[in-house]
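Let's take a friendly look at a protein together. We will begin with a sheet of strands and then visit two pockets.

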Amino acid sequence: MAAPDTLTGWCTHMEMLIGGTWQPAASGRAEEVTSPFDGAIIGTVPVAGADDVRAALDRAESGAATWRRTPAFERMRILMRAAELADKRAEQTAQIISAEAGKTIAEARGEAGRSGDLIRLAAFEGTQLYGDALPLDANRGTGLDKIGFTIHQPVGIVVAITPFNYPALLVMHKLAPALAAGNAVVLKPARTTPLTALALARCFTDAGLPDGVLSVLTGPGGSLGDTLVTDPRVRKVSFTGSTATGYHITQVAGIKKLSLELGSSCPVVVLPDADIELAAAAVAAGGYVNAGQVCISVQRVITHPAVGADFLDALVPKVEAIRTGNPRSEETTMGTLITAAESERVERSIRQAVTEGAKLLTGGERDGAIVSPAVVAGVDPRSAFSQDELFGPAVAVSSADDWESAIAQANGTPYGLGAGIFTSDVAGAVRAIREIDAGTVHINWTPLWRADLMPYGGLKASGIGKEGPRSAVAEMTDTKTVILHGRPW
């Protein structure tokens, strides 16, 4: 499909979903969704308020009661139909992703194409909630007169809050497991990318999801989020976003289950025995996909002095070959940041690093919401450029004289989401697995690789809980212990 020069005329109005009914906000307010590339209006969505939140939760109460009593095989049938619809509508979804997120059309197609598979994975896991038999006769005085076992049941109402950077995948990583486990869901997508979430929600309603089971509220995250997560009817909150917002949720949510996928500053260690070309090629991909707006993007590279210069010589030409421009052009290999304000923030961060003594080897120029992919060498690992989450298309390169200092640097931020190490030494790889504090450790690749079925989540300030359909389905349930007494003593 040829990319238009602009998005002018490509505008659509979408209503939000409240318990199975597509409707405007109670206030009648709506707002525009615009392209980060050229500012063109892509669509309009309602601006939900407190009345809409209450309506969604009221409907979710009845929907949760219906859905938990729906047999798992029937839930799976509906979800499999939704997966088929997601497959059929993948190109349309990709066009929406590219338009509202500024993602290249190739990346958007890759993301949209995974939606159906994610629904299928979750649907299967929702039918595999096995319990455990309890060996009660091993308890002194119990004997053989009692049988004990555990069962899973849905938590009830799940609130899912998702960010802009993967508006399809990160919606599906919450929505599909929650539904597969038998819960009602109220989804609050990012304000900048609501159209993708609404389009995907229609796959579920068109597949026959009962009324009340799913709502999608569009509008401001601060006020809507607080109203949703503090409501006592909500039994589970699944949030992906900043560590600061995640911390706020822990303070206000009350007693309920939380899954929080938060910030990061992912390291990659390049040891003297590494394959330098492989490492450079992997970093050139892993640092700049989605303009670096990925939690598991490569932010820091830690090289040994013996190979640091060779690594940079190999990396810089690969980064300079990345083509920026219109995200909907097939020729573009890196799109925009989500807003011009975000691109300004990233540009300032790069300039500050240079002011503090680092050297900008390539990139770092801003044009609207585009920042050219940057490599910054000689970065102080204690600086904000290494310590804080950048969420932009720049990689900080530092050096470490030995193994101990390399691992100390890798572990030297508040975060622990993902890490990578390049080495040809098996013993060194095993040591890295043991000593790097990250939720996922990659050997001879960067953190920017994720299979949808694998457990995914971080350590330290990077969050709590795990995503991935099997892990998420389990976390969307409560475990109940049942004891059958053969005799009353």
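## The sheet

Seven strands (DSSP runs of E, at least two residues, numbered from the N terminus) make up an open sheet with mixed pairing, in the order β15-β18-β19-β14-β13-β21-β22. Two strands count as paired if DSSP finds at least two bridges between them. At the edges stand β15 (359-362) and β22 (440-443); each has a single partner strand, so one side of each is left without a neighbour in the sheet. On average, neighbouring strands here are turned by 20 degrees against each other, direction ignored.

Strands of a sheet pair through backbone hydrogen bonds, either parallel or antiparallel. How do β21 and β22 pair? Strand β21 (residues 418-422) and β22 pair in the parallel sense, over four bridges. In this pairing, G418 stands opposite T440 in β22.

## About the model

This is a predicted model, in which local features need pLDDT of at least 70 and side-chain atom pairs count only at pLDDT 80 or more, while totals for chains, interfaces and linings use all residues. Residues are numbered from 1 along each chain as its sequence is written, and side-chain values use heavy atoms, with hydrogens and water left out.

## Two helices across the sheet

Helices are DSSP runs of H or I with at least four residues. Helix α11 (residues 305-320) lies across β13 (266-270), β14 (298-303), β15, β18 (374-377) and β19 (394-399). Contact here means heavy atoms within 4.5 Å. Helix α11 runs at about 160 degrees to β18, whereas helix α12 (residues 340-355), which lies across β15, β18 and β19, runs at about 25 degrees to β18. Axes are lines fitted to C-alpha atoms, for helices over the stretch in contact, and angles run from 0 to 180 degrees between N-to-C directions.

## The largest pocket

A pocket is an open set of points on a 1 Å grid over the protein atoms alone, where a 1.4 Å probe fits, with protein on both sides within 12 Å along at least five of seven lines; lining residues have an atom within 4 Å of a point. The largest pocket has a volume of about 680 Å³. Its lining has 30 residues, and F239, T240, G241, S242 and T245 lie nearest its centre. Helix α8 (221-230) is among the elements giving two or more residues to this lining, and its five residues are the largest share.

## The second largest pocket

About 380 Å³ of space lies in the second largest pocket. Of its 20 lining residues, R114, Y166, L169, V294 and L448 are the closest to its centre. Helix α4 gives the most to this lining, with four residues.

Technical notes
Points joined across faces, edges and corners; volume = space filled by probe spheres on them.
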